[in-house]
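Reader: Could you take me through one part of this protein up close? I'd like to look at how its aromatic rings pair up.

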Amino acid sequence: MEWYYNILVPKVDIEWNEDRLLKVTYQSRAKYRAIVQKHALYFKREMHYDFQQYEKNETPYDHGYVEYVAYIFLKDNLNLKSLNDKTDSLAIGSCCFRKRFIDGKNYYWSLDWIWLHPYFRHRKILSEHWERFVNIFCGFYVEEPLSLEMEAFLKKVNWDNDYKKYVKTELPIF
């Protein structure tokens, strides 16, 4: 049972980017989707959920598919040989946004879940990316139930968590 409590921090073989985020969709490479799935598993265990919030093989062709955009939070790997060596990034957490339809045309984006490795919590990682997420999704609802840490964060950023505030209309395609 010892393996159950191990938290792995995989390396991501991409060039360092200033955003420290890697966008993941159903079209992304399988290994990136697998990292998000592993973080979803850690989230499930930590929050004592009955089911996992994300599966790496979700596609629009699946019954019950809900459109998503996930992000992997990256941290530079500081185990450098020299400054000129190529460095890997470490995948220190993930989050997943889902497009929730109210009816056939009205929808809102929700932050379904977020998980950060315990060593990287309380280091302003979510704060650094919050405004960017707000801009990408034009606001979003944070799915409940909320952890005590998320409640405190939302209070700190003065977040109005009423999904009705974030409803958008999808225009028909002709």
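Author: Sure, let's start with Trp-113, which is buried, with a relative accessible area of 2%. Here, buried means under 20% relative accessible area, exposed means over 50%, and partly exposed is in between, using a 1.4 Å probe and protein chains only. Phe-43 is buried too, at 9%. One thing to know up front: this is a predicted model, where local features need pLDDT of at least 70, side-chain atom pairs count only at pLDDT 80 or more, and totals for chains, interfaces and linings use all residues. Residues are numbered from 1 along each chain as its sequence is written, and side-chain values use heavy atoms, with hydrogens and water left out.

Now the rings. Rings of Phe, Tyr and Trp (its six-membered ring) pair if their centres lie within 6.5 Å; planes under 30 degrees apart are stacked, over 60 edge-to-face, and the rest tilted. That rule gives 22 aromatic pairs. In one of them, the ring centres of Phe-43 and Trp-113 are 5.8 Å apart with planes at 40°, so this pair is tilted. Phe-43 belongs to helix 1 (residues 30-47) and Trp-113 to strand 5 (residues 106-116), so the pair ties together parts 70 residues apart in sequence. Helices (H or I, at least four residues) and strands (E, at least two) are DSSP runs, numbered from the N terminus.

Ring pairs also link up a cluster, whose members include Tyr-71, Trp-109, Phe-137 and Tyr-166.
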